[in-house]
Amino acid sequence: MSIASPPPVLRSADGALLRFDGDALVLSRKTEEARIPLLAIACIRSEGRSLAVELTAPSGTVAAVHRVDDVSEAAARLFAEAVNAVLPPERPADADGSKLVTLRAVTESPQERDRRRRRRWGIAVVLVCAGLAVAVAARGVWTFAFMILLIGPVGALLTAVGADMARLRYRSRYLLRHGITVEARRVGETSVLGGEFGVFVYTDMHGVDRSLNVRSRSATVQVAYHPDKPGVVTEHGSRSSRASDTVAALCFLVFGLVVDATVIGVAIGSLQGMYPGY
């Protein structure tokens with residue numbers, strides 16, 4: 001039986017998410033994802049701002065229950081009504097529904113980890129620059145306080161970009177020397193930050209197809225991936241492109257460090273009273 005109007009997605013305050021997925025419910029948490037087939041569900045109860053998914057259980061045993069707390073009361077009620085209406089009538093009430101539930105560990109992808117690290121770095125930089133600006137303003141040096149607040153994050157951003165580019169260049173150099181080189185085939189196109197990239201797919205030593213974006217119009221490109229981490233890959237670019245990437249990384253890094261040093265020097269000088277009248 002199908003649902004005319006799909007149930008809402010329930011999202012709790014702690015990040016748990018419960019959604020309807022055809023013949024099962026999917027309960028996602030930070031470290032684990034549970035897929036609960038409809039055949040394993042005895043009933044779904046809306047309990048105010050909580051929703052309980054009770055599984056079938058043999059007679060005389062306590063039924064397992066999956067709960068999602070701190071959700072919208074109206075959404076929980078609607079979700080329970082919609083899913084209860086389509087539970088399969090032929091499901092055995094005395095079966096152990098917990099044996100039908102499949103669990104999958106949720107691991108953070110490298111992209112998610114990089115985004116989290118950049119977000120924390122950005123917050124730390126803004127807080128440090130704001131603290132320095134407040135301290136300098138307290139000494140009456142308002143001009144330099146505004147300069148620190150405005151230019152400080154720019155210098156930190158340039159430094160971070162240069163350091164990240166240098167890290168990628170080092171990784172690329174390592175993979176080209178010690179990685180496994182294969183041919184990747186073009187399967188499509190994509191746009192990243194306004195730039196057009198080709199989507200290429202390569203097959204690692206385990207037979208797994210993996211993709212990467214390369215700024216190339218060729219039908220195939222050569223790539224090198226890490227033998228222990230097949231998802232870590234780099235393109236075999238030309239020697240001139242690798243040299244230009246290295247120069248760009250050094251320029252960003254050096255200029256960012258110069259700006260950082262200038263901001264720190266101005267802050268120290270202002271706190272020591274070296275710039276009266278500013």
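Two strands count as a pair if DSSP finds at least two bridges between them. Keep that in mind for this predicted model, and let's work through three exercises.

**Exercise 1.** Find which residue stands opposite arginine 11, and place the strands around it in the sheet.

*Solution.* Start with the residue: arginine 11 faces leucine 17 in E2. Next, look at the strands: E1 is joined to strand E2 (residues 17–20) by two bridges, and the two run antiparallel. Then widen the view: five strands make an open sheet, ordered E1-E2-E3-E4-E8, with antiparallel pairing. Finally, check the edges: strand E1 (10–11) and strand E8 (102–105) each have a single partner strand, so one side of each lacks a neighbour in the sheet.

**Exercise 2.** Test whether the span of helix H3 agrees with its number of residues, then look for a bend.

*Solution.* Helix H3 covers residues 142–178, which is 37 residues. At 1.5 Å a residue, the helix should span 54 Å. Its end C-alpha atoms lie 53 Å apart, which agrees. Now the bend: H3 turns by about 35° at isoleucine 151, and proline 153 follows within four residues.

**Exercise 3.** Describe the second largest pocket and say which helix gives the most to its lining.

*Solution.* First, the volume is about 290 Å³. Second, the lining residues include Arg117, Trp121, Pro153 and Asp164. The elements giving two or more residues to this lining are helix H2 (110–138) and H3. H3 gives the most, with seven residues. Last, sort the lining by character: eight residues are nonpolar, one is polar and three are charged.

Notes:
Residues are numbered from 1 along each chain as its sequence is written. This is a predicted model: local features need pLDDT of at least 70, side-chain atom pairs count only at pLDDT 80 or more; totals for chains, interfaces and linings use all residues. Side-chain values use heavy atoms; hydrogens and water are left out. The expected span of a helix is 1.5 Å times one less than its number of residues. The bend at a residue is the angle between axes fitted to the seven residues ending there and the seven starting there. On a 1 Å grid over the protein atoms alone, a cavity is a set of points where a 1.4 Å probe fits but cannot get out, and a pocket is an open set with protein on both sides within 12 Å along at least five of seven lines; lining residues have an atom within 4 Å of a point. Grid points are joined across faces, edges and corners, and a volume is the space filled by probe spheres set on the points. Ala, Val, Leu, Ile, Met, Phe, Trp, Tyr, Cys and Pro count as nonpolar, Asp, Glu, Lys and Arg as charged, and the others, Gly among them, as polar.
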